[in-house]
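User: Please take a close look at one part of this model, the packing of its first two helices. Describe what makes up the contact there, and then place it in the rest of the chain.

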Amino acid sequence: MSGNKVPESTWLRNFTKSAGELIEEQANAGYKVQGFIMTIGIYDRLSNALGYEPTDLLGYVIEILEQTEDEFEKEGEMVFIKGQPLN
């Protein structure tokens, strides 16, 4: 185990702050945010930090991105915003 692992509470605070910034960024770009799409590794880490399996983050629904093993190794962990342009 690495000696410089970030404590779960710090990771959760930073992750939640970053998620909020993504939402704000999308809203400023003219999109209505509908939810988050994330890889299973990020979802598992979020679940561990919260102590339960969440269905939403900051009030937005969470979807798990289905990835093959090859895609995961190539692209790694990711979080996306699901949204629609405002007309």
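Analyst:
**The contact between helix 1 and helix 2**

Phe 15 has a relative accessible area of 14% and is therefore buried, the cut-off being under 20%. The model is a predicted one. Trp 11 falls on the buried side too, with a relative accessibility of 15%. Both Trp 11 and Phe 15 belong to helix 1, where 4 residues, about one turn of the helix, set them apart.

How many aromatic pairs does the structure hold? There are 2 aromatic pairs in the structure. One of them joins Trp 11 to Phe 15: the two rings are stacked, with 4.8 Å from centre to centre and 10° between the planes.

Trp 11 and Phe 15 also take part in the packing of helix 1 on helix 2. Two packed helices are described by the angle between their axes and the distance between the axes. Helix 1 covers residues 8-28 and helix 2 covers residues 40-50; their axes come within 9 Å and cross at roughly 120°. At that angle the two helices are oblique to each other, because an angle has to lie within 65 to 115 degrees to count as roughly perpendicular and over 145 to count as roughly antiparallel. The crossing of helix 1 and helix 2 is left-handed. On the side of helix 1, the residues that make the contact are Glu 8, Trp 11, Leu 12 and Phe 15; helix 2 contributes Ile 42, Arg 45, Leu 46, Asn 48, Ala 49 and Leu 50. By class, the contact of helix 1 with helix 2 has 7 nonpolar residues, 1 polar and 2 charged.

Two further residues help to place this contact. Pro 7 sits in the segment before helix 1 and is partly exposed, at 48% relative accessibility. Its C-alpha atom is separated by 9.0 Å from that of Ala 49, although the two positions lie 42 residues apart along the chain; Ala 49 is one of the helix 2 residues in the contact with helix 1. Ser 47 is a residue of helix 2. At 9% relative accessibility, Ser 47 counts as buried. Apart from neighbours within four places in sequence, Ser 47 is in contact with Tyr 52, Glu 53 and Pro 54.

Farther along helix 1, there is a link to a loop. Leu 58 is in the loop between strand 2 (56-57) and strand 3. Leaving out its neighbours within four places in sequence, Leu 58 is in contact with Thr 16, Ala 19, Gly 20 and Ile 23. Between the C-alpha atoms of Leu 58 and Ile 23 there are 9.5 Å, for a separation of 35 residues along the chain. Leu 58 is partly exposed, with 42% relative accessibility. Its phi is near 55°, which is a positive value in a residue other than glycine.

The other aromatic pair lies among the strands. A pair of aromatic rings is described by the distance of the centres and the angle of the planes. Returning to the burial of the stacked pair for reference, Phe 15 has 14% relative accessible area and is buried. Phe 36 and Tyr 60, by their geometry, are an edge-to-face pair, at 6.3 Å centre to centre and 85° between the planes. Phe 36 is in strand 1 (residues 31-38) and Tyr 60 is in strand 3 (residues 60-64), so this pair ties together parts that are 24 residues apart in sequence. Phe 36 is buried at 1% relative accessibility, while Tyr 60 is partly exposed at 25%.

Val 61 is in strand 3 as well and is partly exposed, at 40% relative accessibility. Not counting residues up to four places away in sequence, Val 61 touches Gln 34, Gly 35, Phe 36, Thr 55 and Asp 56. From C-alpha to C-alpha, Val 61 and Phe 36 are 6.2 Å apart in space, with their positions 25 residues apart in sequence.

As for the whole chain, the protein has 3 helices and 4 strands, in the order α-β-α-β-β-α-β along the sequence. Of its 87 residues, 22% count as buried. Among contacts with a separation of 6 or more, 77% come from residues 24 or more positions apart.

Note on methods
Residues numbered from 1 in each chain as written. Predicted model: local features only at pLDDT ≥ 70, side-chain atom pairs only at ≥ 80, totals over all residues. Heavy atoms only, no water. Axes fitted to C-alpha atoms, helices over the stretch in contact; angles between N-to-C directions. Parallel < 35°, antiparallel > 145°, perpendicular 65-115°, else oblique. Left-handed = near helix turned anticlockwise from the far one by under 90°. Contact = heavy atoms within 4.5 Å. Nonpolar A, V, L, I, M, F, W, Y, C, P; charged D, E, K, R; others polar. Phe/Tyr/Trp six-rings, centres within 6.5 Å; stacked < 30°, edge-to-face > 60°. Buried < 20%, exposed > 50% of the residue type's maximum accessible area, 1.4 Å probe, protein only.
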